[in-house]
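Trainee: I am new to this structure and would be grateful for a close look at one part of it. Would you begin with a patch on the surface and then lead me onward from there?

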Amino acid sequence: MKKHINYGKVLLVVFITILIWVWADKAQDELWEPQNVTIKADRSSSADLMITFDGKASVQLEKLTLQGPSWHISDLRSDYSSGKLNLEFFLSPADAGILEPGQVNMNILDYMRKSNLLKNLGITAVDCTPKTISIQVNRLVEKQLQVRCLRENGGLLQPKTVEPATVKMRVPADWGPDRLVAYVELSESEIEQARLAPYKKGAKVRFSSSDQRPVPSPIMIQMPPATEDLRQYTITGATVGFVQTDNLVGKYKPELLNYTELSSFTISATPDAKAAYEAQPYQILFYILDKDEQEKTEQRREVDYNFPVDFVRDGQIKLNQPKEVGRFILKPLPQDGPNGGQ
């Protein structure tokens with residue numbers, strides 16, 4: 001007698017088997033090593049203590065290995081790649097076990113395993129590099145800081161008025177007078193606005209290159225008119241650079257006959273413009289032209305004072321005397337080859 005096949009039961013068994021396979025696959029753990037994971041100092045945890053990592057406000061891990069169910073790791077990996085998930089860890093002095101100023105080497109893996117961030121994500125840290133980091137904790141105390149104004153490129157400005165001229169801020173207790181400074185950075189357009197009327201801008205205190213903290217109250221800056229910034233200076237020992245075409249390079253050596261007369265002159269400039277001018281390799285440029293090759297005796301030409309272009313454009317530097325005239329000759333250089341004396 002033919003047996004009757006119960007297709008319903010067969011399909012049920014197949015379905016249950018597939019579910020078991022899917023569940024078993026998803027239950028498998030997977031390892032994940034996200035890139036660019038950082039540990040940052042938690043500023044909100046204490047008003048009296050500041051944590052740093054070798055003097056920096058954050059440290060980036062070389063490697064962090066996380067473990068979790070495959071399906072979950074896949075979702076987290078996708079969210080991390082798209083920017084939806086941010087793996088930043090914030091460390092407080094209490095997390096490092098330091099309640100007083102001092103230094104300690106902290107086990108990073110232990111810290112990661114206790115991290116609420118990873119617990120909430122449902123994953124575990126299983127390895128990391130480096131294994132430990134050096135942590136310093138400094139006490140913060142309120143001190144009086146001098147307000148200084150800078151250009152965005154770092155040059156020091158001389159404002160007409162700064163209000164207030166000093167501010168109070170909690171900073172490390174061991175800071176000396178040279179570090180007790182709050183900086184206001186102004187762009188060129190902001191400088192021009194501050195020449196017309198007092199300009200409001202926030203100041204910052206540089207705790208480290210990566211940690212600049214805002215001063216709570218804004219600063220009012222009044223800049224003087226551009227002409228009032230200029231001061232008279234005498235430049236001495238100016239360096240001279242010769243500019244030659246490819247046709248003359250290696251064939252002639254220019255010789256300046258009146259360097260002493262040219263090397264000293266007066267300018268009107270802002271302190272920043274003067275400093276930038278003197279920092280250049282050459283304060284004077286002397287152009288040698290192809291046609292000069294035809295003249296075998298002494299020649300004359302006005303010199304170029306090579307003022308920094310940006311400062312010239314802003315009216316921050318100018319020559320305070322008539323341009324000097326340089327006297328020069330071209331000395332032929334020995335040439336290699338059958339007709340060159342070699």
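**A surface patch and what lies beyond**

Mentor: On the surface, V243, Y287 and L289 make up a nonpolar patch, and their accessible area comes to about 220 Å² together. Please keep in mind that this is a predicted model. Of the patch residues, V243 belongs to strand β18, which covers residues 240–244. V243 counts as partly exposed because its relative accessibility is 31%, and the class of partly exposed residues runs between 20% and 50%.

From the patch we may turn to charged side chains. Side chains of opposite charge can pair when their charged atoms come close. The structure contains 18 salt bridges. One of them joins the side chains of R77 and E30, with 2.6 Å from N to O. R77 sits in helix α2 (residues 70–82) and E30 in strand β1 (residues 29–32), so this pair links distant parts of the chain, 47 residues apart. R77 is partly exposed, at 32% relative accessibility, and E30 is partly exposed as well, with a relative accessible area of 28%.

A second salt bridge brings together the side chains of D272 and R151, at 3.6 Å from N to O. Because D272 is part of helix α8 (residues 271–279) and R151 is part of strand β9 (residues 132–151), the pair ties together parts of the chain that are 121 residues apart in sequence. Both D272 and R151 are buried. R301 and D292 form another salt bridge, in which the closest N and O atoms are 2.8 Å apart. Both of these residues, R301 and D292, are buried. In addition, a network of salt bridges links K63, D127 and K131.

The strands come next. An open sheet of three strands runs in the order β19-β24-β22, with antiparallel pairing. At its edges stand β19 (252–256) and β22 (299–302); each has a single partner strand, so one side of each is left without a neighbour in the sheet. From one strand to the next, the twist averages 40 degrees. Between β19 and strand β24 (residues 325–332), the antiparallel pairing extends over five bridges. Within this pairing, E255 has I329 of β24 as its bridge partner.

Another open sheet of three strands has the order β4-β2-β6, and its pairing is mixed. Here β4 (58–60) and β6 (88–91) are the edge strands, each pairing on one side only. The twist in this sheet averages 20 degrees from one strand to the next. Strand β2 (residues 38–41) pairs with β6 in the parallel sense, over four bridges. A41 has L91 as its bridge partner in β6.

Helix α5 (residues 188–196) offers a view of burial along a helix: its buried residues are E190, I191, A194 and R195. These residues lie on the same side of α5 because they cover an arc of only 150 degrees around the axis. An α-helix has 3.6 residues a turn, so residues three or four places apart point the same way.

The loops deserve attention too. P224 lies in the loop between β16 (219–222) and α6 (226–229). P224 counts as buried because its relative accessible area is 7%, and the cut-off for buried residues is under 20%. The C-alpha atoms of P224 and K160 are 5.2 Å apart, although 64 residues separate the two along the chain.

Some backbone details remain. Most residues other than glycine have a negative phi, and most peptide bonds are trans. The peptide bond from T129 to P130, however, is cis, its omega being near 0 degrees. P130 occupies the loop between β8 (124–129) and β9. E163 and P164 are also joined by a cis peptide bond, with omega about -5 degrees; P164 is in the loop between β10 (161–163) and β11 (166–172).

Positive phi values appear in residues other than glycine. N36 has a phi of about 60 degrees and is placed in the loop between β1 and β2. N36 is exposed, with a relative accessible area of 53%. N306 likewise has a positive phi, near 50 degrees, and its place is in the loop between β22 and α9 (309–313). N306 is partly exposed, since its relative accessible area is 22%.

Key
Residues are numbered from 1 along each chain as its sequence is written. This is a predicted model: local features need pLDDT of at least 70, side-chain atom pairs count only at pLDDT 80 or more; totals for chains, interfaces and linings use all residues. Side-chain values use heavy atoms; hydrogens and water are left out. Buried means under 20% relative accessible area, exposed over 50%, partly exposed in between (1.4 Å probe, protein chains only). Helices (H or I, at least four residues) and strands (E, at least two) are DSSP runs, numbered from the N terminus. The arc is that of the directions from the helix axis to the C-beta atoms. Patches are made of residues with over 30% relative accessible area and no salt bridge: like charges are joined within 9 Å, nonpolar side chains (Val, Leu, Ile, Met, Phe, Trp, Tyr) within 5 Å. Accessible areas come from the Shrake-Rupley method with a 1.4 Å probe; for residues, only the protein chains shown count as cover. A salt bridge is a side-chain nitrogen of Lys or Arg within 4 Å of a carboxyl oxygen of Asp or Glu. Two strands pair if DSSP finds at least two bridges between them. Axes are lines fitted to C-alpha atoms, for helices over the stretch in contact, and angles run from 0 to 180 degrees between N-to-C directions.
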